[in-house]
Amino acid sequence: MLSLIKFLKNILFVFPVTLITSPLNKLMLFLSYHNRLIIWVYKNKKRFEYSDFFSWKRDYNKRYHLYEFIKEKFDFEDADLLYLEFGVANGESFNWWTKNLKSNNTFFVGFDTFEGLPENWGAFYEKGDMRAKVPIFNDSRVLFKKGLFQDTLPKFINEQNSQLSSRRKIIHLDADLYSSTIFVLSQLYPYLKSGDIVMFDEFNVPLHEFKAFSEFSQFSYLTFNPVGAVNNFYQVCFEIATKPMT
Ligand SMILES: C[S@@+](CC[C@H](N)C(=O)[O-])C[C@H]1O[C@@H](n2cnc3c(N)ncnc32)[C@H](O)[C@@H]1O
């Protein structure tokens, strides 16, 4: 059997007839991840304590209800936390969290190019879309890191190693793109601890945040416990359960 597979593989190297279907590669990948998303939703939907599935109307305000639920469930209002947001733009979601987490010992760090998306996102958003001015917060707990995550996050990790290791974290992934999301998750892997919160803002986009989540949860061996989801799994929140081998 193995030698037959090897033989077929070699044949395809010499006569790459499958190239005929290559214009369909993107579509096939999309359909594959779309199906994985549906299967994932049907396997996991009952595990979410807070969910609006299924609802016909997408309402962005529902994400604030989800945030409220998270804050109450985990008693976050006066807890000492580290809130990291990847994809800040005008700072709308960031603003909610700074207003609602009250401890003077909670720190908020927002990462963004503030020059817009670094690459096209699907067919509708182009590189440079979502450009915004660095928002101004009169709050000494807030810090923004301007630039590509690929440049700012490794530096931040170097500088804030002990904060990242010792604090309970809320990690808010709102960069839309697969590349940005998988990069952040992989960089933060050594610091992810049981009890940390990981939130996605566009989870149900098959080839972006969902693909990043699927791959990362597979290759990190981490357990992501479902917490809440709104807008048919557009905004989704997990709590990290355990690290492998611990
Ligand atoms: C949807 S917006 C964020 C919206 C914001 N969280 C809110 O709720 O108002 C996505 C942001 O991600 C940023 N972004 C995406 N990939 C990035 C990367 N690799 N490095 C830095 N910023 C990135 C874009 O610049 C954009 O401002």
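**Note on the predicted model**

1. Val205 sits in the loop that runs between strand S6 (197-200) and H8. The model discussed here is a predicted one. Is Val205 buried or exposed? Its relative accessibility is 17%, and buried means under 20%, so Val205 counts as buried. Leaving out residues up to four places away in sequence, Val205 touches Trp121, Phe210, Lys211 and Tyr234. Arg168 is 37 residues from Val205 along the chain, and the C-alpha atoms of the two are separated by 28 Å.

2. The next point is a pair of helices. Helix H7 covers residues 178-188 and helix H8 covers residues 209-220; their axes come within 8 Å and cross at roughly 30°. Angles under 35 degrees count as roughly parallel, so H7 and H8 are roughly parallel to each other. The crossing in which H7 passes H8 is right-handed. On the H7 side, Tyr178, Thr181, Ile182, Leu185 and Ser186 take part, and they meet Glu209, Lys211, Ala212, Glu215, Phe216 and Phe219 in H8. Sorted by class, the residues in this contact of H7 with H8 are six nonpolar, two polar and three charged.

3. H7 also deserves a look on its own. Which residues of H7 are buried? They are Ser180, Thr181, Ile182, Phe183, Val184, Leu185 and Leu188. Thr181, Ile182 and Leu185 are also among the H7 residues that meet H8. The cover over the buried residues of H7 includes H8 and S6, together with strand S2 (81-86), helix H5 (149-159), helix H6 (161-166) and strand S5 (168-173).

4. In soluble globular proteins, nonpolar side chains tend to be buried together. The largest nonpolar core in this model has 40 residues, and the members that touch the most other members are Trp40, Leu84, Phe86, Leu153, Leu188, Phe203 and Phe238. H7 supplies the largest share of this core, five residues. A second core, separate from that one, has 25 residues, among them Trp96, Trp97, Leu101 and Phe144.

5. Phe86 can serve as an example from the largest core. What does Phe86 touch, not counting residues up to four places away in sequence? The list is Phe111, Phe149, Leu153, Ile171, His172, Leu173, Asp174, Ala175, Val184 and Leu188. Of these contacts, Val184 and Leu188 are buried residues of H7.

6. A second helix pair can be read in the same way. The axes of helix H3 (residues 62-73) and helix H4 (residues 92-100) come within 11 Å, with a crossing angle of roughly 30°. That angle makes H3 roughly parallel to H4. H3 and H4 cross in a right-handed sense. H3 contributes Arg63, Tyr64, Tyr67, Glu68, Ile70 and Lys71 to the contact, while H4 contributes Glu92, Ser93, Trp96, Trp97 and Asn100. By class, five nonpolar, two polar and four charged residues make up the contact of H3 with H4. Trp96 and Trp97 are also members of the second core.

7. Some backbone features should be checked. Most residues other than glycine have a negative phi, and most peptide bonds are trans. Phe53 and Phe54 are joined by a cis peptide bond, with omega about 0°. Phe54 belongs to the loop between strand S1 (50-51) and H3.

8. Tyr221 is not a glycine, yet its phi is positive, near 60°. Tyr221 lies in the loop between H8 and strand S7 (224-230). With 62% relative accessibility, Tyr221 counts as exposed. Asn232, also not a glycine, has a positive phi of about 55°. The loop that holds Asn232 is between S7 and strand S8 (235-240). Asn232 counts as buried, at 18% relative accessibility.

9. The last point concerns Lys146, in strand S4 (residues 142-146). How exposed is Lys146? At 46% relative accessibility, Lys146 counts as partly exposed. Apart from neighbours within four places in sequence, Lys146 is in contact with Asp112, Thr113, Phe114, Glu115, Val134 and Thr152. Lys146 and Trp97 are 49 residues apart in sequence, and 19 Å separates their C-alpha atoms.

Technical notes
Residues numbered from 1 in each chain as written. Predicted model: local features only at pLDDT ≥ 70, side-chain atom pairs only at ≥ 80, totals over all residues. Heavy atoms only, no water. Axes fitted to C-alpha atoms, helices over the stretch in contact; angles between N-to-C directions. Helix = DSSP H or I, 4+ residues; strand = E, 2+ residues; numbered from the N terminus. Parallel < 35°, antiparallel > 145°, perpendicular 65-115°, else oblique. Left-handed = near helix turned anticlockwise from the far one by under 90°. Contact = heavy atoms within 4.5 Å. Nonpolar A, V, L, I, M, F, W, Y, C, P; charged D, E, K, R; others polar. Core = buried A, V, L, I, M, F, W, Y, C linked by side-chain atoms within 4.5 Å. Buried < 20%, exposed > 50% of the residue type's maximum accessible area, 1.4 Å probe, protein only.
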